[in-house]
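Good morning, colleagues. Please keep the sequence and the structure in view while I speak.

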Amino acid sequence: MPARTPAPHWHAYAWTGREQPRPRDARDPSKPVPPSLITDWLSKPRSLLAATFAMPDEDGQAYAWLETQLKQHPRGPRDWPPRVDLDGAQDRLTRRTDVVWGYWSATGPFVARVLITCPRPGIPCPQPFPRTEENTA
């Protein structure tokens, strides 16, 4: 019987802090701070995992989560308008790739919001999405 793998999905991660994490903490999978490498989000503590969304984003839930996050934590007044982030996110969601945002918000904290594609070869899924597909490889 072929192995079963999770259906493609995104994991949403959220972190807000007063300063960017130290490189040592970013590399440590046990530390609840943004990692140095995008794929390392999947190894970070579950406390950073905000949601899991189906791929493709036909119901718009992943996009809506990003939009809500941007409204709750807007960029500073000298930064580009939200439409730039949202248009870029829509393009990435359509292409089924990662969406990675890291910026200083208008109120001061550093905001990291990401949607990480999963599954990835050699990296365990932190929270398998309910649907599964047959692995034909």
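Helix α3 has 13 residues, and the distance from its first C-alpha to its last is 18 Å, close to the 18 Å expected at 1.5 Å a residue. I should say at once that this is a predicted model.

Which residues of α3 are buried? They are Asp85, Leu86, Gly88, Ala89 and Leu93. Viewed down the helix axis, the buried residues of α3 fall within an arc of 165 degrees, so they line one face of the helix. The general background is that an α-helix has 3.6 residues a turn, so residues three or four places apart point the same way. As for what lies against that face, the buried residues of α3 pack against β2, α2, β4 and β5.

After α3 comes Arg96, whose phi is positive, near 60 degrees. The point deserves a remark, as this is a positive value in a residue other than glycine. Arg96 sits in the loop between α3 and β4. Its relative accessible area is 43%, so Arg96 is classed as partly exposed.

I turn now to helix α2. Its 12 residues should span 16 Å at 1.5 Å a residue, and the end C-alpha atoms are indeed 16 Å apart. The buried residues of α2 are Ala62, Tyr63, Trp65, Leu66, Gln69 and Leu70. These cover an arc of only 160 degrees around the axis, which puts them on the same side of α2. On the face turned away from that buried side, α2 carries the exposed residues Lys71 and Gln72. The cover over the buried residues of α2 includes β2, β3, α3, β4 and β5.

One member of that buried set is polar, and I should like to consider it separately. Gln69, in helix α2, has a relative accessible area of 10% and is therefore buried. With which residues is Gln69 in contact, leaving aside its neighbours within four places in sequence? The answer is Tyr103 and Arg113. With Arg113 there is a polar contact of 2.6 Å between the two side chains.

Let me move to the nonpolar interior. The largest nonpolar core has 17 residues, of which Leu66, Leu93, Val99, Trp101 and Leu115 touch the most other members. The elements giving two or more residues to this core are β2 (9–17), α2 (61–72), α3 (82–94), β4 (99–104) and β5 (110–118). Its largest share, five residues, comes from α2. There is also a second, separate core of 11 residues, and its members include Tyr13, Leu42, Ala112 and Ile116.

Val99 serves as an example from the largest core. Not counting residues up to four places away in sequence, Val99 touches Leu66, Ala89, Arg92, Leu93, Arg113, Val114 and Leu115.

Next, the aromatic residues. How many aromatic pairs does a search of the whole structure find? It finds four. One of the pairs is formed by Tyr13 and Trp41, which are tilted, at 5.3 Å centre to centre and 35 degrees between the planes. Tyr13 lies in strand β2 and Trp41 in the loop between α1 (23–27) and β3, so this pair ties together parts that are 28 residues apart in sequence. Both Tyr13 and Trp41 are buried.

Trp104 and Phe110 make an edge-to-face pair, because their ring centres are 5.1 Å apart and their planes stand at 70 degrees. Are these two partners buried or exposed? Trp104 is partly exposed, with a relative accessible area of 41%, whereas Phe110 is buried, at 9%. Ring pairs also bring in Trp15, linking Trp15, Trp104 and Phe110 into a cluster.

Finally, two peptide bonds call for attention in the backbone. The bond from Met55 to Pro56 is cis, with omega near 0 degrees, and Pro56 lies in the loop between β3 (49–54) and α2. A cis peptide bond also joins Cys118 and Pro119, with omega about 5 degrees. Pro119 belongs to the loop between β5 and β6 (132–134).

To close, I would ask you to look once more at α2, which gives five residues to the largest core and also holds the buried Gln69. Thank you for your attention.

Notes
Residues are numbered from 1 along each chain as its sequence is written. This is a predicted model: local features need pLDDT of at least 70, side-chain atom pairs count only at pLDDT 80 or more; totals for chains, interfaces and linings use all residues. Side-chain values use heavy atoms; hydrogens and water are left out. A nonpolar core is a set of buried Ala, Val, Leu, Ile, Met, Phe, Trp, Tyr and Cys residues joined through side-chain atoms within 4.5 Å. Buried means under 20% relative accessible area, exposed over 50%, partly exposed in between (1.4 Å probe, protein chains only). Helices (H or I, at least four residues) and strands (E, at least two) are DSSP runs, numbered from the N terminus. Contact means heavy atoms within 4.5 Å. Rings of Phe, Tyr and Trp (its six-membered ring) pair if their centres lie within 6.5 Å; planes under 30 degrees apart count as stacked, over 60 as edge-to-face and the rest as tilted. The expected span of a helix is 1.5 Å times one less than its number of residues. The arc is that of the directions from the helix axis to the C-beta atoms. A polar contact is a pair of N or O atoms within 3.5 Å; within protein, one must be able to donate a hydrogen and the other to accept it, and residues adjacent in sequence count only if both atoms are side-chain atoms.
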